[in-house]
Amino acid sequence: MANVPDDLRYTADHEWVRQTSEAGVVEVGITEYAQGELGDIVFVNLPKAGDKFTAHQSFGTIEAVKAVSDLYAPLAGAIVAVNAGLDTDPAAVNRAPYADGWMVRLKLDDATQFAGLLDAAAYRSHIGA
Amino acid sequence: MTDSAPLLRTPLADIHRSLGGKMVPFAGWEMPVQYPAGILAEHNAVRNGCGVFDVSHMGEFEVTGPDRNAFVNRITCNDVSVLAPGQVQYSGLLTREGTFVDDCTVYRFDNKLMIVVNASNRAKAWEHVVDLKGGANIRLRDISDDIGLLAVQGPMTQALLQPIASIALDGIGYYHHGAGRIGGVDCFVSRTGYTGEDGFELYCRLKDTVALWEAVTRVGAVPIGLGARDSLRLEMGYALYGQEIDDTITPLEAGLGWIVKLDKGSPFVGLDALRAQKERGLNRKLVGFRLDGRGIARHGYPVFSGGKQVDVVRSGGQSPSLGVSIGTTFLPAGQAVVGTRFEVECRNEKIPAEVVKRPFWTKGSVRK
């Protein structure tokens, strides 16, 4: 069964969201379940620091051998960092989706909305785990 | 067949599931697209070692009777008369317009011929062949449901299979076949494949398919799904029906002129149209390309040249062996030369592409 860490929040689009030590800044990636469904990942196209997105807006794409998938902003905010390591090692998303496979850090427009994301139990139920 | 028809299953379906195969619908069959190792690992296993594919879903037609050679020569575009018993030939079943009903391989035996067709075209190809029978003194049988087929591919294949084979595999040349037992299972063993690597296709009785699979995996052949089958064949530039070829495309356009024997001395279905096309000259030709930017050119993405759309991507993907994004498309004949630059629209972004030589992958172990 796919690993769904209890200390993260999730979206129905199979992204995880982690509160960082900096207030209002979250880290975003795709879940272990999502990487398993996509298969071997060969490119991750990410935005630039400073780009702004509304909730559910596409902020990038993830290209796997057999499929391409959009990445969606979990909440409205501005990009403060991107994981440049994925340029040369996109397979990190397959290998370590919750660690080296992180994608962007987002400064939320409204930090209180974080609590409205799915918790681990709700996400497990979403994927039938 | 309707979408709601239950999917067909090969004798190996339960084994694929038990191995963790991700099962998908393919041409009406439930087939593994990949196993837990993943497409890249499976691809590399075939390039470097030995993999086994379940291709029991493919179709086989048997032709017997006194007119068998003349009949198959009339319904296929390659020249059956040059085939000796024990040989295999890549060929095409064509419409009167010279376009593909299907591509196929033709096997000659002492007393029969066998035509192997794509699973996706089995019903259509069978109907086509039966329609052409006319007064020929032959017997046609669709034996697909009686036959299991495993493709064992990769540079280590012969070394792995020889200890469990009853015949000297080295004596079977490229595009030749012989009869023998593999792991105790009666097979005919064909040095053919769709990967660019050395290897064999093993045809057995349907009821023996599981025993044959167990025998070849026991000696080390790694299970490979349809995902890697596609990436391996694309790197070789081999045509896939529905992408590089279909019933609107002729072999001449698809770069398969070498399977068209206009002068074989007997007429065949599609001959007049192909002769006329050859005299007139081609409007378009299939090319291989490399994408010179970040992205993957996927099947159906628009292809632009000189500011206007000229085709779509026929096949495309990341080449695991080369680490670049490759694909095939049709270009106007004048532009279909190595070095031509054009663009592929990948998700609203036009990415530059350049025509390159096929096969993309030239280091395979396939015997020639």
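Me: Is Glu63(A) buried or exposed?

Reply: A quick word first: this is a predicted model, where local features need pLDDT of at least 70 and side-chain atom pairs count only at pLDDT 80 or more, while totals for chains, interfaces and linings use all residues, and side-chain values use heavy atoms, leaving out hydrogens and water. Residues are numbered from 1 along each chain as its sequence is written, with chains lettered from A and ligands numbered from 1 in the order in which they are written. Buried means under 20% relative accessible area, exposed over 50%, and partly exposed in between (1.4 Å probe, protein chains only). Because its relative accessibility is 3%, Glu63(A) counts as buried.

Me: Which residue forms a salt bridge with Glu63(A)?

Reply: A salt bridge here is a side-chain nitrogen of Lys or Arg within 4 Å of a carboxyl oxygen of Asp or Glu. For Glu63(A), the closest N and O atoms of the pair are 2.6 Å apart, and the partner is Arg298(B).

Me: Where do the two partners Arg298(B) and Glu63(A) lie?

Reply: Helices (H or I, at least four residues) and strands (E, at least two) are DSSP runs, numbered from the N terminus. Arg298(B) is buried too, at 10% relative accessibility. The pair joins two chains, because Glu63(A) sits in strand 6 (residues 58-64) of chain A and Arg298(B) in the loop between strand 14 (284-291) and strand 15 of chain B.

Me: Which residue pairs with Arg284(B) in a salt bridge?

Reply: The closest N and O atoms of this salt bridge are 3.2 Å apart, and they belong to Arg284(B) and Glu253(B). Arg284(B) lies in strand 14 of chain B and its partner in the loop between helix 7 and helix 8 (271-280), so the pair ties together parts that are 31 residues apart in sequence. Arg284(B) is partly exposed at 23%, whereas the partner counts as buried at 9%. The residue asked for is Glu253(B).

Me: How many residues apart in sequence are Arg124(A) and Asp6(A)?

Reply: The side chains of Arg124(A) and Asp6(A) meet in a salt bridge of 2.7 Å, N to O. Arg124(A) belongs to helix 4 (residues 120-126) of chain A and Asp6(A) to the segment before strand 1 (9-10), so far along the chain that the separation is 118 residues.

Me: How many salt bridges does the whole structure have?

Reply: Some salt bridges share partners, and Lys66(A), Asp230(B), Arg233(B) and Glu244(B) are joined in this way into one network. Over all chains, the count of salt bridges is 32.

Me: How far apart are the C-alpha centres of the two domains of chain B?

Reply: Chain B is divided into domain 1 (13-57 + 145-235) and domain 2 (283-368), with bounds from an automatic or database domain assignment. Each domain gives 17 residues to the contact, where contact means heavy atoms within 4.5 Å. The C-alpha centres of these domains are separated by 29 Å.

Me: Which three residues supply 49% of the area that domain 1 of chain B buries against domain 2?

Reply: Buried area is the accessible area (1.4 Å probe) that two parts lose on being put together, summed over both. The two domains of chain B bury about 1400 Å² between them, 55% of it on carbon and sulfur atoms. The three residues that supply 49% of domain 1's area, more than any other three, are Tyr174(B), Leu234(B) and Glu235(B).

Me: How many residue pairs are in polar contact between domain 1 and domain 2 of chain B?

Reply: A polar contact is a pair of N or O atoms within 3.5 Å; within protein, one must be able to donate a hydrogen and the other to accept it, and residues adjacent in sequence count only if both atoms are side-chain atoms. There are also two salt bridges between the domains. With both residues at pLDDT 80 or more, the number of pairs in polar contact is 13.

Me: Which residue's side chain makes a polar contact of 2.7 Å with Asn118(B)?

Reply: Asn118(B) lies in the loop between strand 7 (113-117) and helix 4 (122-131) of chain B, and it counts as buried because its relative accessibility is 17%. Its side chain makes a polar contact of 2.9 Å with the side chain of Asp103(B). The 2.7 Å contact is with the side chain of Asp102(B).
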